[in-house]
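The following note is offered to a colleague who is meeting this structure for the first time. Its points are best read with the sequence and the model side by side.

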Amino acid sequence: MEHLGVKAINVSTGGLLPLAPNFPVYGGYQIPFATQIKQAVSIPVTGVGLIDSPTLAEHLLQTNQVDLVEIGRTLIREPNWLVHAAHVLHDHDFAPYNHSYERGTKGY
């Protein structure tokens, strides 16, 4: 895939069907699959799988298990997750953008 121009690999075992998986489900449960693929390729690998804890997400990145953590469903459940993560991870420079509905020169 790399020689075809693929820039990153998203690793997921599914989860869209109403069937329960036949393996344990826990925070980061799909990361072992991503980590195995990451060891075999030289392009970035992303990980998913109930990653709703900022400390878990940071741990996965710091331990080089994945190159990028995807938290789409977490953001759907908790739109302010990034603010929470910044607080938990002591990012004092983080500031949420709260001006998305301002009227201004753009004509809205």
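**Notes on the fold, the core and the surface**

1. The cover over the buried residues of helix 2 includes helix 1, strand 3 and helix 4. The residues concerned are P54, A57 and L60, which are buried in helix 2. Viewed down the axis of helix 2, these buried residues fall within an arc of 130°, so they line one face of the helix. After helix 2 comes N64, whose phi is positive, near 60°.

2. As to the overall architecture, the reader should keep in mind that this is a predicted model. The protein contains four helices and three strands. Taken from the N terminus on, its elements follow the order β-α-β-α-β-α-α. Of the 108 residues in the protein, 24% are buried. The accessible surface comes to about 8100 Å², and carbon and sulfur atoms account for 58% of that area. Among contacts with a separation of 6 or more, 44% are between residues 24 or more positions apart.

3. Which residues touch the most other members of the largest nonpolar core? They are I51, L60, V66 and V69, in a core of 14 residues. At least two residues of this core are supplied by each of strand 1 (9-11), helix 1 (31-38), helix 2 (54-62) and helix 4. L60 thus deserves attention on two counts, being a buried residue of helix 2 and one of the core members named above.

4. The surroundings of I51 merit a separate look. Apart from neighbours within four places in sequence, I51 is in contact with G28, I31, L56, A57, L60, V69, E70, I71 and T74. Two of these partners, A57 and L60, are among the buried residues of helix 2.

5. I71 lies in the loop between strand 3 (68-69) and helix 3 (72-77). Is this loop residue buried or exposed? I71 is buried, because its relative accessible area is 13%, below the cut-off of 20%. When residues up to four places away in sequence are not counted, I71 touches I51 and W81. The C-alpha atoms of I71 and G49 are separated by 8.3 Å, although the two residues are 22 residues apart along the chain.

6. The count of salt bridges comes to one. D67 forms this salt bridge with K38, and the closest N and O atoms are 2.7 Å apart. The pair links distant parts of the chain, 29 residues apart: D67 sits in the loop between helix 2 and strand 3, and K38 in helix 1. In general, side chains of opposite charge can pair when their charged atoms come close.

7. The two partners of the salt bridge are placed in separate classes of accessibility. K38 counts as buried because its relative accessibility is 16%, whereas D67, at 33%, counts as partly exposed. Leaving out residues up to four places away in sequence, K38 touches V45, N64, Q65, V66 and D67. Included in that list are N64, the residue with positive phi after helix 2, and V66, a member of the largest nonpolar core.

8. A final point concerns the surface. L75, L82, V83 and F94 form a nonpolar patch there, and together they have about 300 Å² of accessible area. L82 is placed in helix 4 (residues 81-88). With a relative accessibility of 45%, L82 counts as partly exposed. Helix 4 therefore carries a residue of this patch and also supplies at least two residues of the core.

Methods: Residues numbered from 1 in each chain as written. Predicted model: local features only at pLDDT ≥ 70, side-chain atom pairs only at ≥ 80, totals over all residues. Heavy atoms only, no water. Patch = residues over 30% accessible without salt bridge, like charges linked within 9 Å, V, L, I, M, F, W, Y side chains within 5 Å. Areas by Shrake-Rupley, 256 points an atom, 1.4 Å probe, with all protein chains shown as cover. Salt bridge = Lys/Arg side-chain N within 4 Å of Asp/Glu carboxyl O. Buried < 20%, exposed > 50% of the residue type's maximum accessible area, 1.4 Å probe, protein only. Core = buried A, V, L, I, M, F, W, Y, C linked by side-chain atoms within 4.5 Å. Contact = heavy atoms within 4.5 Å. Arc of directions from axis to C-beta.
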